[in-house]
Amino acid sequence: MQEMSSRLMTVRPDKMAALVERAARIKETLEQGTKKPYRDVIDVSWGDPQKAGMKPLTFVRQVIAACLYPQLLDGDNLPMDVKQRTQKILRCCDGGSVGSYTLTAGIPEIVESVAQFISQRDGVSADPENIWIHSGSQTSLTSILALMLSSEVSTKRGVLVPVPGHTTTPLSVMALGGVAVPYFLDEERGWELRVDELQRALVSARETCRPIALYVINPGNPTGHIQSRKSMEEVIRFVAENKLFLLADEVYQSSVYDTDSEFVSYKKLLHELGPPLSHTLELASFHSVSKGFMGECGLRGGYVELLNMDPTVMPYVQQMLQLLTTPPVVGQIALELMAKPPQPGDPSYLLFKRETELIRSTLVDNVKRVQQVLKELPAVSCQPIQGGGFAFPRLHLTPKAIRKAKEADMEPDMFYCTRLLEDTGLLLSPGCVYGQKEGTYHIRFSILTAADVMEELLRRLSAFHLQFMKDFS
C-alpha cells in the first residue's frame with residue numbers, strides 16, 4: 001500500500017477538474033432560470049462527437065438495438081442486412097445473448113473481423129492471436145504499459161511521450177511507477193516530430209531512468225498534425241537503433257481533412273521498409289470506435305495489435321492479459337461494425353454512405369471555418385489542422401493578461417478559459433493541460449461538432465477574444 005500511495009502522489013491533479021465542475025454549476029443555474037448572456041453551456045473540451053450534436057450511424061444503432069432486444073427481428077422495420085448481421089453476432093455469443101461473458105481477448109469472430117480490417121487497410125496480414133479487444137484504446141494502452149513498467153527493477157523505466165499530447169498516457173505511466181519523458185513537437189514546423197528532439201529527450205532521460213518505449217499519436221491529439229512517411233521512417237529507425245518499443249496511438253486514422261495528407265499506419269510502413277526492421281521492431285498499435293465516423297465514445301470498444309513480440313515473452317504477455325476483465329460486448333459489436341460496414345448492394349449501404357459523407361463534409365467544413373475565423377483574430381495563430389479531432393491554436397497573450405493570471409494563481413491559458421466559460425458558456429481546454437513549451441499558451445477545442453454548434457462556438461469565441469484582448473491591452 002505504501003508503494004502504491006507513493007506512486008499515486010506523483011500523479012498530477014487533473015487541471016480540468018475545476019473548469020468542468022464550474023461548467024456543471026453554470027448549467028444547473030441556467031436550467032433553474034438564471035439569466036446569463038448565453039442560453040447554454042457548449043462543452044467542446046472533449047473529443048465526443050455525439051455530445052457536440054453529431055448523430056450516430058443508423059446501421060450501427062439498428063444492429064446494436066436488435067442485439068440487445070432480439071424481438072425487434074420479428075418485425076418489418078429493420079433492413080434485411082441488419083437482421084442478418086444481428087443474427088450472425090448473436091450466434092457468436094454464448095447463449096445467444098449479449099449479456100454473456102466473452103473471452104478476455106474478445107469474441108473470436110469479432111477479433112477475426114478486426115484482423116481482416118487491419119489486413120485490408122495495410123495490405124499486410126494480421127494474426128488474430130496478436131489482437132486484443134478492450135473497453136477503449138486507452139485501456140489497451142494502459143494494459144500494455146502495465147506489462148512494460150515492472151516495479152521489480154531497481155532502475156525506473158521511462159516512456160517518451162509527446163508534448164503537447166494526450167494527458168492520460170503520461171499520467172498512466174507515472175501511476176504505474178514509470179517515468180514520462182517529454183519530447184516536444186515543433187509547432188513552427190506544423191507540430192513536426194523531429195528525431196533530433198527525440199535524441200535529446202532520450203539522452204536526458206538516461207540520467208534518471210531507462211527509456212524502453214516511444215509513444216506517438218498520429219494523427220495528433222491535440223495538435224491535429226499528420227506524420228509524413230519521411231517522419232515516420234525516421235521514427236522507426238530511431239526506435240530500432242535505440243532498442244525501444246513503439247506504441248502507436250492511431251485512433252484518429254479515419255479523420256483526415258487535408259487533401260495533401262494521408263494516414264499511413266506504422267505497421268504498413270514497417271512492412272514496406274522490409275527486413276530486418278519489419279521482422280524485429282516491436283510495435284503495439286491502437287484503434288477505437290470512439291473517433292472517426294463511428295464517434296461512439298460511450299460504447300467503449302478498442303483494440304491493440306502486437307507485432308514482433310519476442311516469442312519467449314509472448315506467452316507471458318498473453319497470460320497477463322488473460323487476467324483482465326472481458327471487454328463490454330456492445331463495444332465489441334461496435335468494433336465489428338466498424339471493421340465490416342455495409343457494402344455496395346446491401347440494403348443499408350446507401351443510407352450508410354449518405355450519413356458518413358455528411359459527417360465527413362461537416363468536419364471538413366468545420367476545419368475550414370475554424371482556420372478562417374482563427375486567422376482573422378488578433379494575437380492568435382494556428383498550425384494547419386490536417387486531421388484528428390481538435391483545433392489547438394496558440395494565444396499570444398499580453399503581459400498584462402499574463403500578470404493578471406499570475407495574480408489569480410492560474411496559468412495564463414487557464415485564466416483565459418476560465419473567463420471564457422464565465423462570459424460565454426464555452427468550455428474549452430487550456431494548453432497547460434496537454435503540456436507546451438515554456439512561455440507559450442494554447443487552447444484546445446473539438447472540431448467534431450454539428451455545423452450549427454461550430455458556428456455558435458466560433459461566434460462566442462470571436463466576440464470574447466476581441467473583448468479580452470481589449471481589456472488586457
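**Strand 5 and the spaces around it**

Let me begin with strand 5 (residues 210–217), which pairs with strand 6 (residues 245–249) in the parallel sense over five bridges; helices (H or I, at least four residues) and strands (E, at least two) are DSSP runs numbered from the N terminus, and two strands pair if DSSP finds at least two bridges between them. Please keep in mind that this is a predicted model, in which local features need pLDDT of at least 70 and side-chain atom pairs count only at pLDDT 80 or more, while totals for chains, interfaces and linings use all residues. Residues are numbered from 1 along each chain as its sequence is written, and side-chain values use heavy atoms, with hydrogens and water left out.

Within the pairing with strand 6, Val216 stands opposite Ala248. Strand 5 also pairs with strand 3 (residues 157–163), again in the parallel sense, over four bridges, and there Gly158 stands opposite Pro211. Because seven of the eight residues of strand 5 are buried, the strand is largely enclosed by the rest of the structure; buried here means under 20% relative accessible area, with a 1.4 Å probe and protein chains only.

Now, where is space left? Rolling a probe the size of a water molecule over the atoms shows where empty space remains. On a 1 Å grid over the protein atoms alone, a cavity is a set of points where a 1.4 Å probe fits but cannot get out, a pocket is an open set with protein on both sides within 12 Å along at least five of seven lines, and lining residues have an atom within 4 Å of a point. Grid points are joined across faces, edges and corners, and a volume is the space filled by probe spheres set on the points.

The whole structure holds two cavities of 30 Å³ or more. The second largest, with about 50 Å³ of space, has Val216 and Ile217 in its lining, along with others including Pro162, Tyr183 and His225.

Turning to pockets, the second largest has a volume of about 620 Å³, and of its 22 lining residues, Met148, Ile212, Phe245, Glu282 and Val313 lie nearest the centre. Strand 5 and helix 9 are among the elements that give two or more residues to that lining. The largest pocket has a volume of about 1200 Å³, and, of the 44 residues that line it, the closest to its centre are His166, Thr167, Thr168, Val433 and Tyr434. Helix 7 (168–175) gives the most to that lining, with four residues.

Methods: Buried < 20%, exposed > 50% of the residue type's maximum accessible area, 1.4 Å probe, protein only.
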